[in-house]
Amino acid sequence: MEVLSLSEAIDRLRADIGCDFAAFAQPDPAHAAWRWTHASGSESGRYLRLTVRPGRGVAGIALLTGRLVASDRHRYAADLRKDDAPLWIPERLESAAAVPVRLGKQRTAVLLIGRRDPGPFAPGQLEGLQEAAERLALLFAAAQ
């Protein structure tokens, strides 16, 4: 099995799924918050200054519920767009989907993909996101 760095894994996720932006957030114990630490396809680099608040935005809802969330399929899509504006506007995203990375029952990270063109995510893109989260969980488990 090929061992990738986290940055390489995020780059590969974006390329394999065919999305414009992919990002990874994890807990930052020093600030008691979740922070975006890696991204691929970023146009602004602003993601490094942003936090993920559980229950807010696509990634926050994914963390809170423990499930995959896609903005184009969520009944409160307008609220998600408003909550995610600090990330979506500088990255020019039109839609996003996120899924938690689980190590056992614990949510250890969140993965997000984004599109810059309008339109829904294809089912294969969402399945690819879910599979990437499962692969990352295996890498985290092997590293412990």
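This dialogue walks through a sheet, a helix and a loop residue in a predicted model.

Reader: How do I read the sheet, and in which order do its strands lie?

Author: Read across the strands, not along the chain. Here six strands form an open sheet, in the order 3-2-1-6-5-4. The pairing is antiparallel.

Reader: Which are the edge strands?

Author: Look for strands that pair on one side only. Here they are strand 3 (51–52) and strand 4 (69–70).

Reader: How many bridges join strand 5 to strand 6?

Author: Nine bridges join them. Strand 5 covers residues 95–103, and strand 6 covers residues 106–115. The two run antiparallel. For one facing pair, take Ala97, which stands opposite Ile113 in strand 6.

Reader: Now helix 2. Is it mostly covered or mostly uncovered?

Author: Count its buried residues. Helix 2 spans residues 57–65 and is mostly covered, with seven of its nine residues buried. The buried ones are Gly57, Val58, Ala59, Gly60, Ile61, Ala62 and Leu63.

Reader: What happens just after helix 2?

Author: Check the backbone angle. Gly66 follows the helix and takes a positive phi of about 75°.

Reader: Where is Ser71 found, and is it buried or exposed?

Author: Place it first, then check the area. Ser71 sits in the loop between strand 4 and helix 3 (77–83). Its relative accessible area is 5%, so Ser71 is buried; the cut-off is under 20%.

Reader: Which residues does Ser71 touch?

Author: Leave out residues up to four places away in sequence. Ser71 then touches Val58, Ala77, Leu80, Trp88, Ser95 and Ala96. Of these, Val58 is one of the buried residues of helix 2.

Definitions and conventions. Residues are numbered from 1 along each chain as its sequence is written. This is a predicted model: local features need pLDDT of at least 70, side-chain atom pairs count only at pLDDT 80 or more; totals for chains, interfaces and linings use all residues. Side-chain values use heavy atoms; hydrogens and water are left out. Buried means under 20% relative accessible area, exposed over 50%, partly exposed in between (1.4 Å probe, protein chains only). Helices (H or I, at least four residues) and strands (E, at least two) are DSSP runs, numbered from the N terminus. Two strands pair if DSSP finds at least two bridges between them. Contact means heavy atoms within 4.5 Å.
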